[in-house]
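Please consider the following explanation of how the strands and helices of one protein chain are arranged. The account proceeds from the sheet to the helices that accompany it.

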Amino acid sequence: MNEIQNSTEISNNREKEAENEIKQETFPEVETPINSNVNNNEGTEEGSQTLLDALEKYHIREKYPLIKLTPKKIRLLEQYCQELWSLNQSINLTRHTTFDKFVCRDLIDTMELSLLLQQGEHILDVGTGGGVPGIPLAILRPDLVVELCDSTGKKAEAVGTIVDALGLDLNVWYAKAEDLVKVHRFHTLVVRAVSKMEKLLRNFAALWFAFDRILMIKGPHWTEERGEARHYNQLNKLALRKVAEFPDSEEQFNSVILQVCQKKRFEELQKRDQDRLDGKPIEQFVEKVGVDNKKRDSASSPRSKYAKKANSKLTDGSRSKKVSSSSFGQPSNSKRDSRRKGSPHNAKSSKQAGSAEKRGRGWVDKEKPFHSPLKSDKKK
């Protein structure tokens, strides 16, 4: 019996050795280098090493001759990419982490948008995220007044850091856009990759007195979103118009820019669009609000910006005293105590309930907005 077992073991070993020899002959082992650049766009020959290479690769200057890409603008855009990608390692700000993706997805959207804006127009980037399209738009069009807002504190603070590093004079708000437009006025709200059309129009349904129009950058499925908005009666009193359609540089799909405004103001915006083509600056100006991004409001949220109305009669001491006396951001033991202190749970203080902890000092205890609505926008 032992002899039979030994013979079977020897035969099995011989069969395994033969299989290994066949594998080595048919599939020889190949040593892979340690610093392999496979699936890495930055290290391959096709990937652009600098922003200037990506601009030349996709012929951006030939496609957009009206936009002057000076060396200073290119340097600021490249610096913006480096700052954004550096912060993106700790905070999820963008998926476009190469110069090719930045040009194909972000820069082209911003350039198409900049062609639709009039000189001196006041813009609010709603839900800016990593700063697109607000920061590139401010770099390409310094004649515009651009402000950015985001309801996520980490993103708003990261964008504020990028703005300070670039040396740009931009206001970055840590607040919801629905609350921001209650105290500030804008000509145009710019929306890109924030929410669906139906939800967006529902959030701003009662706030059209604060701005003139919304410009939405949408992908190829925008018709489905339009149908959903119509189904829920969000476009009854609004005029929707496709003002631009363009493919990305990789020509994978077409994107569109949609303009939404009130029907009663559609003719006014058409006249303004003609003035833009004629090179005339915008006639209506909005009062600017200065923001010191280096100061933080310790009374409410640590990421809130120190908002200050221009030509305000309140001093810094009186303003900080008002903030410290408010109950925003302070815990309450019961609903009864919170109602006494005038917290957001109180029905009487419903005007101050939205994003209470995210408001800057200029927003606290404001019964009325800084600017009253236009007479034409008031209900008769």
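The paragraphs below describe the sheet, then the helices, and then two individual residues.

The model is predicted. Its sheet is open and consists of 7 strands in the order β3-β2-β1-β4-β5-β7-β6, with mixed pairing. The edges are formed by β3 (171-174) and β6 (238-247), each of which pairs on one side only. From one strand to the next, the twist averages 20°. As general background, the strands of a sheet pair through backbone hydrogen bonds, in either a parallel or an antiparallel sense.

It is convenient to begin at the β3 edge. Strand β2, residues 145-150, pairs with β3 in the parallel sense over 4 bridges, and Asp150 stands opposite Tyr174 in β3. Strand β1, residues 122-126, is also joined to β2, by 5 bridges, and these two strands run parallel. Within that pairing, Ile123 stands opposite Val146 in β2. Of the 6 residues of β2, 5 are buried, so the strand is largely enclosed by the rest of the structure.

The β6 edge presents the antiparallel part of the pairing. Here β6 and β7 are paired in the antiparallel sense over 9 bridges, with Ser255 of β7 as the bridge partner of Phe246. Strand β7 also pairs with β5, again in the antiparallel sense, over 6 bridges; Met216 stands opposite Leu258 in β7. Strand β7 is mostly covered, 8 of its 9 residues being buried.

Two helices may now be placed against the sheet. Helix α5, residues 99-114, lies across β4 (188-192), β5 (213-218), β6 and β7 (254-262), and runs at about 130° to β6. Helix α10, residues 222-231, lies across β5, β6 and β7, and its direction makes an angle of about 170° with β6.

Helix α5 merits further attention. A bend of about 35° occurs in α5 at Leu107. Because 14 of the 16 residues of α5 are buried, the helix is largely enclosed by the rest of the structure.

How are two packed helices described? In general, by the angle between their axes and the distance between the axes. For helix α4 (residues 71-88) and α5, the axes come within 12 Å and cross at roughly 105°. The two helices, α4 and α5, are therefore roughly perpendicular to each other. On the α4 side, the contact is made by Leu77, Glu78, Tyr80, Cys81, Gln82 and Trp85, and on the α5 side by Phe99, Phe102 and Leu107. Classified by residue type, the contact of α4 with α5 has 7 nonpolar, 1 polar and 1 charged residues. Leu107 thus belongs to this contact and is also the site of the bend in α5.

Two charged residues complete the picture, one from each helix that lies across β6. Arg105 is found in helix α5. Its relative accessible area is 25%, so Arg105 is partly exposed. The C-alpha atoms of Arg105 and Ser255 are separated by 9.9 Å, although the two residues are 150 residues apart along the chain. Ser255 is the residue of β7 already encountered as the bridge partner of Phe246.

Glu225 is found in helix α10. Is Glu225 buried or exposed? With a relative accessible area of 18%, Glu225 is buried, since buried means under 20%. Apart from its neighbours within four places in sequence, Glu225 is in contact with Lys196, Met197 and Lys218.

Technical notes:
Residues are numbered from 1 along each chain as its sequence is written. This is a predicted model: local features need pLDDT of at least 70, side-chain atom pairs count only at pLDDT 80 or more; totals for chains, interfaces and linings use all residues. Side-chain values use heavy atoms; hydrogens and water are left out. Two strands pair if DSSP finds at least two bridges between them. Axes are lines fitted to C-alpha atoms, for helices over the stretch in contact, and angles run from 0 to 180 degrees between N-to-C directions. Contact means heavy atoms within 4.5 Å. The bend at a residue is the angle between axes fitted to the seven residues ending there and the seven starting there. Buried means under 20% relative accessible area, exposed over 50%, partly exposed in between (1.4 Å probe, protein chains only). Angles under 35 degrees count as roughly parallel, over 145 as roughly antiparallel, 65 to 115 as roughly perpendicular and the rest as oblique. Ala, Val, Leu, Ile, Met, Phe, Trp, Tyr, Cys and Pro count as nonpolar, Asp, Glu, Lys and Arg as charged, and the others, Gly among them, as polar.
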